[in-house]
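Here is a friendly walk through one protein model, meant for someone meeting it for the first time. Have a look at the picture, then read on.

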Amino acid sequence: MLDHHHNPVDGNQCPGSEADRLKQDIFRNIRFNLGLDPLEMNRYTCFMGLALSVKERLISKWIETQKFCRDILAKRVFYLSLEFLPGRFLKNYLISLGLETPTEQVLSELGFDLDILEEEEWDAGLGNGGLGRLASCYMDSIARLRLPGYGYGIRYDFGIFYQVLENGYQQEKSDNWMRRGNPWEIVRFENIHRIQFYGRSESYTDIHGHQRYRWVDTQDVMALACDVLVPGIHDDFVTNMRLWTARSSREFDLDFFNKGDYIGAVEAKVISETISKVLYPSDEIEKGRELRLKQQYFFVSASLQDIIRQYLSDHRSFSGFSDWAAIQLNDTHPSIAIPELMRLFMDVYGLGWDEAWTICEKSFAYTNHTVLPEALETWPVDLIARLLPRHIDIIHEINHRFLDLLENQYPGSNDLAQRLSIIGEEGRKKVRMAHLAIVGSHSVNGVAALHSDILKTGLFKEFNAVYPGRFKNVTNGITPRRWLYQSNPDLSRLITSVIGPEWLSELDRLRQLMPYADDASFQAKWQKVKMENKKRLARYALRKTGTGVNPHSLFDIHAKRIHEYKRQLLNILHVIFLYNHIRQYPEGGDIRRTFFFAGKAAPAYFMAKLIIKLITSVSQVISRDPLVREKLSVIFLPNYCISQAEKLIPAADVSEQISTAGLEASGTGNMKFALNGALTIGTLDGANVEIMEEVGKENIFIFGLTSDEVVKTRQQGYDPRKVYEENQDLKNVIDLIDAGHFSPESPDLFKPIVQSLLDHGDYYLVLADFADYVRTQQAVAKTYESTARWTRMSILNTATMGKFSSDRSVMEYARNIWGAQPLPE
């Protein structure tokens, strides 16, 4: 693979072009950092040499950026998230640094291809789904906007899990993404913090006669910082995510060693370091729940200690802390930060309660990501009391003062106090973390207009009355750098050829595409790009599943976490309807369709895993039916991740966004698909509402009950069996599943799905929306038959996605919540 006539230049030479310098650096890093001979370069060593060379350039820019931030004393933003889902870094970094062309030139000379070389990098296993991906989009925009902002999270050794299909069933394998190391991280051995667990809280009197508390007899773990750099686009601004990894404490180990217990020392090390081992350990058992709470406190405590360390390097008192630091809690996972910052202020730095509370409240802001009451995180009081004894005292005091506030505002309203109390008294006492986050923050925001409205008028209606003005909306966004420029380079080039490159930083400029929507020549180029993307996905699907795909068929894609409310079940019921229809009318004029499914089910989520098995079983039956398979195919792509999404999204004709209305907070997949010219079929849920407003009702396929109608349908006594009896097409579909047609080896296999629909209330209203969904899919098919009309709608979808840039979202946070300013260029 290597051009053996090329001798690696030594470190003292200074070639003129960027390509020459990059080639020199690749050889130098292979020799001196990997300890290998560059003349024996293979794909992996070339990737590593390139990665280390790119990282060097980023580090130089990062150092200059941090000096600049310190010099102008800018307000800092700290984004606390238990998940980040950045995807692969290599191409993102090359694009940001403007190194794509020199890199391709160097790799060509060395006999490598960038697209193939990129496959050497595993997706970083730092997140699961939308929450982590949103956090990564926001970090990208923070850097693009030159905001002095930093991400804080956990550097997991293992990701959520690696999904494989065995006989059509999801099986979970360990996602050992770190097994060959991570060339991008910078381990900060000088940044290590002590994290305490267990022990007890004891009071004492300080030298001024004040009662104080200290946390003693604890088991300690050390948090070691690992930085991953985040550059702005074509800019010298570089910030970072700081991810914590657990290390055993030296004192803890020495205690065992001094007693001659070597095995005990090793066990203690292993146990303490499990904290950062795996993303989302199962919380089905008590030990799993305890580990999840440990993870949350571990990263929050380390982050707050680190933030305070930075603050105190330039300040002598905490009076200006909330003017210097904005701390954003991404969902409830980091909300233990509120009592932890109170503990640090009072117990470590000697502040009184009132001063500490005022600073805390002004510093924290909380983003809510769910409208499902059962999804709001709670922790048993006894678990927190055992694991974090000082914090349960602080939480009780916060709650006591909050209930006093309620009593002053609403005298004698005991029912209200019970509903809003941070401590839930029913059954096993629990701490309601969302309530803690609301009480302890100056701002609470939803993530789409509909979602925020539901929070203010439904889920948190009474909190909204207690804290008028605290609840806000910031509609989610996505970064166009990753989700159009990087993942769809051909479409990006086409767009740039007619409107210029400025859209990359100002996504609203895509509106300049609108006059081209009816241009036949431009439409033809648009169609060609889509076809090439579909062929690329077809090759990928063949490699991953062994199944061939016709790229001339309509690509209908449903890619997201497998959950009943996201209604992959509704989608596959429609596929079975089509299967029945084609068998009944084999000579009919049905268009050719390929349905792609991708997504992971939680390991303990029985129904979601059974839905995956139903999808794969239907796929198998269709593929064996010569009458049907020419017009219809179903593909389940295993192990959905960022790099797979980058292949799926540019190839989509139709984007499935069909959750039960009122249950999806926002969604960001809907934005990514529409940005790449896919047409949405969806309910009026989450950000679909705002997408419809932007693209126009005539350029989106909306169906189903609205969120208000969902509530009304349930209140009026919804009877799914009646819907089933009155719709013959639906009855035929359900009966086919019930009869074991798709599971002849185990006829009762899918009975639980049928029972959930007919006998257990069909909570997610799959049957209620079925007829309208089928009608709307027929409208999709009819529209697809007119290539010019379809292409026009596709262009207009891309052209109207400017609102959904994460740059807009982050600027709204900066202006309306953080009070932070972009740094001057």
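Let's start with a cysteine. C137 counts as buried, because its relative accessibility is 1%, and buried means under 20%. Keep in mind that this is a predicted model. C226 counts as buried as well, at 1% relative accessibility.

So how many disulfides are there? The count comes to 0. C137 is in no disulfide, and the nearest cysteine sulfur, belonging to C641, sits 15 Å away. That fits the cut-off, because a disulfide needs a pair of cysteine sulfur atoms within 2.5 Å.

**The cores**

In soluble globular proteins, nonpolar side chains tend to be buried together. Here the largest nonpolar core has 149 residues. F197, F298, F321, I327, F345 and W818 are the ones with the most contacts inside that core. Which helix gives the most to this core? Helix α9, running over residues 286-312, does, with 11 residues.

Zoom in on F321 for a moment. Setting aside neighbours within four places in sequence, F321 is in contact with I307, I308, Y311, I327, L341, F345, I359 and S363. Another core lies apart from the largest one. This other core has 65 residues, including L573, L578, I611 and L765.

**Four loop residues**

Some residues in loops deserve a look, and here they are side by side.

| Residue | Loop | Relative accessible area |
|---|---|---|
| N167 | between β3 (162-166) and β4 (169-173) | 64%, exposed |
| L765 | between α30 and α31 (766-784) | 1%, buried |
| F703 | between β22 (701-702) and α27 (707-715) | 2%, buried |
| G127 | between α5 (114-118) and α6 (130-144) | 6%, buried |

What about backbone angles? Most residues other than glycine have a negative phi. N167 goes the other way, with a positive phi of about 55° although it is not a glycine. L765 also has a positive phi of about 55°, and it is not a glycine either. Is each of them buried or exposed? N167 is exposed, because its relative accessible area is 64%, while L765 is buried, because its value is 1%.

Now for F703. Leaving out neighbours within four places in sequence, F703 has contacts that include R567, L570, I658 and I681. G682, T683, L684, D769, D772, Y773 and T776 are in contact with F703 too. R775 is 72 residues away from F703 along the chain, yet their C-alpha atoms are separated by 8.7 Å.

G127 touches E83, F84, L85, I160 and L279, again not counting residues up to four places away in sequence. Its C-alpha atom is separated by 30 Å from that of F321, a residue 194 places off along the chain.

**A pair of helices**

Two packed helices are described by the angle between their axes and the distance between the axes. Take helix α29 (residues 728-738) and helix α30 (residues 751-758): their axes come within 9 Å and cross at roughly 145°. The crossing of α29 past α30 is left-handed.

Which residues of α29 and α30 meet? On the α29 side they are I734, I737 and D738, and on the α30 side K751, V754, L757 and L758. By type, the residues of this contact divide into 5 nonpolar, no polar and 2 charged.

Definitions and conventions
Residues are numbered from 1 along each chain as its sequence is written. This is a predicted model: local features need pLDDT of at least 70, side-chain atom pairs count only at pLDDT 80 or more; totals for chains, interfaces and linings use all residues. Side-chain values use heavy atoms; hydrogens and water are left out. A nonpolar core is a set of buried Ala, Val, Leu, Ile, Met, Phe, Trp, Tyr and Cys residues joined through side-chain atoms within 4.5 Å. Buried means under 20% relative accessible area, exposed over 50%, partly exposed in between (1.4 Å probe, protein chains only). Helices (H or I, at least four residues) and strands (E, at least two) are DSSP runs, numbered from the N terminus. Contact means heavy atoms within 4.5 Å. Axes are lines fitted to C-alpha atoms, for helices over the stretch in contact, and angles run from 0 to 180 degrees between N-to-C directions. A crossing is left-handed if the near helix is turned anticlockwise from the far one by less than a right angle, and right-handed if clockwise. Ala, Val, Leu, Ile, Met, Phe, Trp, Tyr, Cys and Pro count as nonpolar, Asp, Glu, Lys and Arg as charged, and the others, Gly among them, as polar.
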